[in-house]
Amino acid sequence: MKQNLKFKGKLRNFLNLPLFFTILLLILNIPIYFVDRRAGAILAGFVIIYFIFVFISYVRNRPVLEKEMIQFATQYATVQKEILDDFQVPYALLDMSGRILWVNGQFSKLTGKDKGYHKTIFSIFPMISKEKLQNVEKTDSFLIEWGEKIFRGEINPVIFKTSPEENSIIELKEGEKNLISFYLFDVTELNQYMKACKEQKLVAALVYIDNYEEALDSIEDVKRSLLAALIDRKVNEYFIKADALVRKTEKDKYFVVFKYKYLNVLEEDKFSLIEDVKGVKVGNEMAVTLSIGIGIHGDSYNKNYEYSRMAIDLALGRGGDQVVVKKEGEVFYYGGKSQTVEKNTRVKARIKAHALRETLQSRENVMIMGHNIGDVDSLGAAVGIYCAARALNKKAQIVLNEVTSSLRPLKECFSSEKGYPEDLFINSEQAMEMITRNTLVMVVDTNRPNYTECPQLLERGNAIVVFDHHRQGNEVIKNPVLSYIEPYASSTCEMIAEVLQYFQEKIKLEPSEVDCIYAGILIDTNNFMTKTGVRTFEAAAYLRRCGADVTRVRKLLRNDMNSYKARAEVVRHAEVYKGAFAISVCPSKMESPTIVGAQAADELLNIIGIKASFILTEYQGKIFISSRSIDEINVQLIMERLGGGGHLNVAGAQLINCTLAEAKRSLQDTIDRMLEEGEIEV
């Protein structure tokens, strides 16, 4: 049988070495022959005899050498196969389609398949996809659950190369060159140790009573100590099941430490302590609410405590009555279903007013911007800050890219003909050119950087101030020098009206300015029907004393006929989902479709049986969702699931890379999931 082996590399050179010597001797014989013919003839005879001997030896010994090499390779392969067969790690060899070519003993023992089993690996492990095998380019690993054990599966591509190499002695034929090796490493015990280590880590938690002073003020003096004692008992009893260390640091604050393994227990009952504390009644009219901030997965205990501080700040910034669990890069929310409690004291407003005054005095100028596609509340708040800056003789400019139909009548009140600077309103490009290191960037009516008129301005500004009434989410403006976020406030204009009262004595406001601020309160409260508290009417009364005229404001806020008809069409085409949710689509072929959508959402709540309304509007490449409710449904929780936010009764979201139909389906799926989870109830 003809051998197909071809020697290569160093072995081929070694076998051909006598032939090279023969050639060398022939070359050497030429000069010797000319010097001495007799010596040349003797050397030539020797070379011929030497060549004949080498050739015969090469011809006779080559088959023997090939046979011995094949025997050695066979024995070597047999040893390798036995080693692999006895290998304690389950191992299999697959082709590119996933068909099993060979398995070792441990693999057969684990799966119960003998070595004659040549079906695909997917028939044994359906969790492995065919695409994963075919697209593997380097080592890839994944976890596989098999019985009571957990294995780390590892696949490696096996590629045979035909390019010549120095240490290669055999030239392989062209053919199938790609195989896949498949290993299974038992990581059950390792995972158990890792889980045990993780569960033993300590979790830091901060528990704050949101309305401690207000709740005590609502009951008799003799019962105040009883109320405080009952709250202490509830908090301590709740954390006993988590084997936690609870220490009261202040009259309304607790510090809690427990093991990570108990966090799942608390999450399963959705931190029922929040609802239990509300049930504490000793004659108090106001229910007591708690906020809890939990920090986990920090690389040190100090880091976990830092996370808990950030979590409690986020919980309080969102209005309290909720639990925020924070780890690096992720935040989880629980609760937050009740209406935020309005603070009767204005101490915070006075402190923020003085802080804003000091910040403005330390800067040369201020640039004010609200959220993109600005509304009346953001414009009114910006005008209020402009008035504060003017009182300190500081140059102020309002960043406004798009003037909607609802803003145009208000903006026209601040024209140069009426005594206002020509550059009072600027766009984003102008703002980026004019900003300096000594410019204060003021953000109103939003606390999300991507929602602002010019997010790049936040990166350029060295000093940032945020005034907003929306609940905070995961995405917040980083490192502001002053932040005033009050979710209980009806509008940012209400907050600005309070700040102006303490900003400077007898601050002068023009009628058009107070009209604009008053209009912001009017729009966000839906004519004082939603999110309206005592301080809302007090702010409106202050603006009325400053010269706000209800008749002028009403004229400024009137809609044109096309917008009114469009709103009526949205209401007419609304469909009722699950018997309580009104969903409709607002046409985008108008000047301010998002404003019309928000107005239509308010209109739908006037229909009997509608507990929440959702209006979808396609505008500027995004899908805007305006959601409204009266009291039974927390639309803010629904919008947060879609990446948005807002308040319990007024919220919204912006979706990208989807169609109206997809957005509507996503909204309905979210409502379905939350109904199943019990987050909302019809």
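A residue counts as buried under 20% relative accessible area, as exposed over 50%, and as partly exposed in between. The exercises below concern a predicted model.

**Exercise 1.** Classify Arg 572 by its relative accessibility, and state which residue it forms a salt bridge with.

*Solution.* Arg 572 has a relative accessibility of 57%. Because exposed means over 50%, Arg 572 is classed as exposed. Its salt-bridge partner is Glu 569, with the closest N and O atoms 3.1 Å apart. Glu 569, at 35%, is partly exposed. Both residues belong to helix 21 (residues 561-572), where they are three residues apart, about one turn of the helix.

**Exercise 2.** Determine which parts of the chain the salt bridge between Lys 611 and Glu 632 ties together.

*Solution.* The N to O distance for this pair is 3.7 Å, and a salt bridge requires a distance within 4 Å. Lys 611 is located in the loop between helix 22 (593-604) and strand 20 (612-619), and Glu 632 in the loop between strand 21 (622-629) and helix 23 (635-641), so the bridge joins parts 21 residues apart in sequence. Glu 632 is exposed, at 53% relative accessible area.

**Exercise 3.** For the salt bridge between Asp 515 and Arg 552, state which helices hold the two residues, and decide whether Asp 515 is buried or exposed.

*Solution.* The side chains of Asp 515 and Arg 552 meet at 2.6 Å, N to O. Asp 515 is in helix 18 (residues 511-524) and Arg 552 in helix 20 (residues 550-556), 37 residues apart, so distant parts of the chain are linked. With a relative accessible area of 3%, Asp 515 is buried, whereas Arg 552, at 34%, is partly exposed.

Technical notes. Residues numbered from 1 in each chain as written. Predicted model: local features only at pLDDT ≥ 70, side-chain atom pairs only at ≥ 80, totals over all residues. Heavy atoms only, no water. Helix = DSSP H or I, 4+ residues; strand = E, 2+ residues; numbered from the N terminus. Buried < 20%, exposed > 50% of the residue type's maximum accessible area, 1.4 Å probe, protein only.
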